[in-house]
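Visitor: I'm new here, so could you walk me through this one and explain the terms as we go?

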Amino acid sequence: MVARVRGARRFVAGGTDLVVKAKDGKLAPATWIDVAQIRELRGISETRGSVVIGAATPYTEIIESKVVRRVLPALVEACAEIGSVQIRNMGTLGGNLANASPAADGVVPLVAYDAEVVIQRGARKRVIPAVDIATGPGRSCLGQDELITEIRLAKRRRNIAAFLKLGPRASMAIAKVSLALVADLRRGRLSDVRIALGAVAPTVIRATHAEAILEGNILSHDVIARARVAIAESDAIPITDFRSTAAYRRAMCAVLLGRALRVNSDDVGRSGHNPLR
Amino acid sequence: MRVACEVNGVAVVREVAPGATLLDFLRYDVGLTGSKEGCGKGECGACTVEVDGRLVTSCLMLAAQVEGRRVRTIEGLGEGHANLLHPVQAAFLECGAVQCGFCTPGFVMAAAAVVDACARHGGRAPTAREVEEGLEGNLCRCTGYQKIRVAVARGVEIAAAECSRKGRDGAARAGTPRTIRKGDAR
C-alpha cells in the first residue's frame, strides 16, 4: 500500500516532533502516512522471556501498563518525564526512536534495557539494537519506507532500575542530561549493569567505561567514585549549546550516576522514586 | 482531502487541506473557536481538546488523524451537566480562575480530565502532585496558577455533589416507572 503513494513519503505517529518540524519548514515536502491507529502497531504483550511494545503505543499506555511497571520500571519513569499529559497521550516510542534526538527521554531506558527494535519494510523485517537506531543527531538507520513496528525487551533478573533527568523545569523540557541505570545487586555486588546517557553525545549512548568499573564489583565508595570519574571523563562526549555547557553536562553525568546508585542502594528494588521531581 | 469525525457528539464531514492541523480544522472548518492557538508547538496547551477521551494538543495533531474518531472541545465539555457547565467550569467561575482568559479553554480541558479521574475514583480529592501533573502541559502567561489549582480542587467537590444528586434523582426516576407500571392495568 505504501508503495502506491507516489513521490516522497514519510510515516507519522503522534506527530509531536514531526508537526513542529514541518511548521518550522525543516522537512522536505512528502506525503505523510499516519500509522498511529494501526492496531498491529499498538499495545503491550508479555511472553515468558520478554515484553513487546507496539511502536505506535502512546506513552500514557506504557506508563499505565501493569506489565511494564513490574518488569521495566526505568522505562515507566522515563515515559512519565516526557512532555506533558497531552504529549504523552500522542507521542510514541517508535516516533522517539525514529526522530533520533540525542536527548530522547524514551530511548535512554530502551538502550539501558538492551531493547531490540523491529523494523519492517513490506514483508522484509530486520531487528536492530535500540542503541544503533540513531546514527547522529536527527539521523537514523531507517531506509526509505522502513517502519519501526515493535520494541522487544528481554526480561532479566535485575532489582535496580532508575531514570534521572535534568532539565530547566519538570515538564515540557528537553533534557540537558539524562541517565538510565539498570543492574542486579546481590549481597552488595553489582552485575548485569547497563547505563545509558542522553544529551551528552551525538546519539543516546551506553556508558561502557562506567559499566565496566561497576560490573561484578562491590558497591563501595571507591568503586562509585571511579565510575563517576569514568562516566564524566570517558563516556560523555558532550557539546556546549543553548541548552547547557559541555562542562556542566560532564559534571552532571557523575552526579546523576551517584544519585542513581544511591537511590538504589538505599532502597533496593523500589522504583518510582525520583529525587529530582 | 475529506475528513469525517464526531465533534462534541455531532457527525462532521469537511474537506480540509492535507496539512491542516486539528486546531485549524476545529476553528476554521467547524467554526469552534474556543480552542486557541498559543505557541503552535504543543508547549502551551491553549489548544487542548480530547480525542477518544484523551487530552491532546490539537495544534500538533493533523485533522486527517481524527478520521473516524471522537473529538470533544471546550464547547462540548458542559454537555449533560447542570447549566451546561462541567463542574470544573463552574469551579473556575466561582474561584475566579481566569485572568486574560486566553489559556482558559485549554486549562479547563486539562483540569476537567483531573476532575473526571477523581470522580471515577469515588470523588476523592486530588493530591497536589496530581493537580500539577494534570496541568503540566498548560501555561498561563498571566501566571494565575494559584486560583486555577484551587479551582481544580473545588471542581472535584462540585462533581461529587453533582454525582450524588444524580444518584438520588436517578434512584427517584428508577422508582417512578415502576409505580406507574403497577398502576397500569397491564
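Guide: Let's start with helix α4 (residues 73-81) of chain A: 8 of its 9 residues are buried, so the rest of the structure largely encloses α4(A). This is a predicted model, where local features need pLDDT of at least 70 and side-chain atom pairs count only at pLDDT 80 or more, while totals for chains, interfaces and linings use all residues. Residues are numbered from 1 along each chain as its sequence is written, and chains are lettered from A in the order in which they are written.

Visitor: What makes a residue of α4(A) count as buried?

Guide: A residue is buried if 20 or more other C-beta atoms, placed from the backbone, lie within 10 Å of its own (exposed if 12 or fewer, partly exposed in between). Those that pass in α4(A) include Pro73(A), Leu75(A) and Glu77(A).

Visitor: And what covers the buried residues of α4(A)?

Guide: The cover includes α2 (59-64), α5 and β10 (160-166) of chain A. Helices are DSSP runs of H or I with at least four residues, and strands are runs of E with at least two, numbered from the N terminus.

Visitor: How do you know that chain A is in contact with chain B?

Guide: Two residues are in contact if their C-beta atoms, placed from the backbone, lie within 7 Å. By that rule, 17 residues of chain A are in contact with 20 residues of chain B. On chain A's side, the largest share, 5 residues, comes from α5(A).

Visitor: How many helices and strands does chain B have?

Guide: Chain B has 5 helices and 5 strands, and buried residues make up 41% of its 186 residues.
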